[in-house]
Amino acid sequence: LWKSVVGRTFVRFVGVTRSDEIVLYSSSLQYLVYYNTERNTVVRVDIQGMEAFMGFQIFTLQDHIEDVRLMKV
C-alpha cells in the first residue's frame with residue numbers, strides 16, 4: 001500500500017494531528033501524506049501550483065482551521 005501511495009519519493013516528517021495521524025510531505029512539494037496509526041490507513045493529498053515556490057523554504061502546519069464564512073462588519 002505504501003509504495004502505491006508514495007512510490008520512491010523521499011518524504012519528510014511534519015508532525016502529528018490531534019486524531020493521531022502522522023503527517024508527511026514529499027520532497028518535491030507535490031503532495032502530503034496522512035498516516036492514521038489507529039486505522040492503519042494512508043491518505044495522499046495532492047497539491048497543485050507549488051512550482052513557483054521551488055527553492056523557497058516552505059512551512060507546513062497541521063490542525064489549521066480557517067473560518068471562511070463572510071463576516072458582517
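Tutor: Contact means heavy atoms within 4.5 Å. On that basis Val6 touches Val11, Tyr31 and Val33, leaving out residues up to four places away in sequence.

Student: What kind of model is this?

Tutor: A predicted one: local features need pLDDT of at least 70, side-chain atom pairs count only at pLDDT 80 or more, and totals for chains, interfaces and linings use all residues. Numbering starts from 1 along each chain as its sequence is written, and side-chain values use heavy atoms, without hydrogens and water.

Student: What makes up the largest nonpolar core?

Tutor: Seven residues: Val5, Val6, Val11, Leu24, Tyr31, Val33 and Val42. They are called a core because they are buried (under 20% relative accessible area, 1.4 Å probe, protein chains only) and joined through side-chain atoms within 4.5 Å. α1 (2-6) and β3 (31-36) each supply at least two of these residues.

Student: How many helices and strands does the protein chain have?

Tutor: One helix and four strands. The cut-offs are DSSP runs: H or I of at least four residues for a helix, E of at least two for a strand. From the N terminus the order is α-β-β-β-β.

Student: How do you know that β2 and β3 pair?

Tutor: Pairing takes at least two DSSP bridges. Strand β2 (residues 21-26) and β3 have five, in the antiparallel sense, so they pair. One named link: Tyr25 has Leu32 in β3 as its bridge partner.

Student: What about β1 and β2?

Tutor: Five bridges again, and the strands run antiparallel. Gly15 has Val23 in β2 as its bridge partner. The hairpin of these two strands has four residues between them, and Asp20 there takes a positive phi near 60°.

Student: Why are β1 and β4 said to stand at the edges?

Tutor: The open sheet has the order β1-β2-β3-β4, with antiparallel pairing. β1 (11-16) and β4 (41-46) each have a single partner strand, so one side of each lacks a neighbour in the sheet. Neighbouring strands are turned by 25° against each other on average, direction ignored.

Student: What makes β2 mostly covered?

Tutor: Five of the six residues in β2 are buried.

Student: How much of the whole protein chain is buried?

Tutor: Of its 73 residues, 25% are buried. Its accessible surface comes to about 6300 Å², with 55% belonging to carbon and sulfur atoms. That area comes from the Shrake-Rupley method with a 1.4 Å probe.

Student: Which share of contacts joins residues at least 24 apart?

Tutor: 22%, among contacts in the protein chain between residues at least 6 apart in sequence.

Key:
Buried < 20%, exposed > 50% of the residue type's maximum accessible area, 1.4 Å probe, protein only. Axes fitted to C-alpha atoms, helices over the stretch in contact; angles between N-to-C directions.
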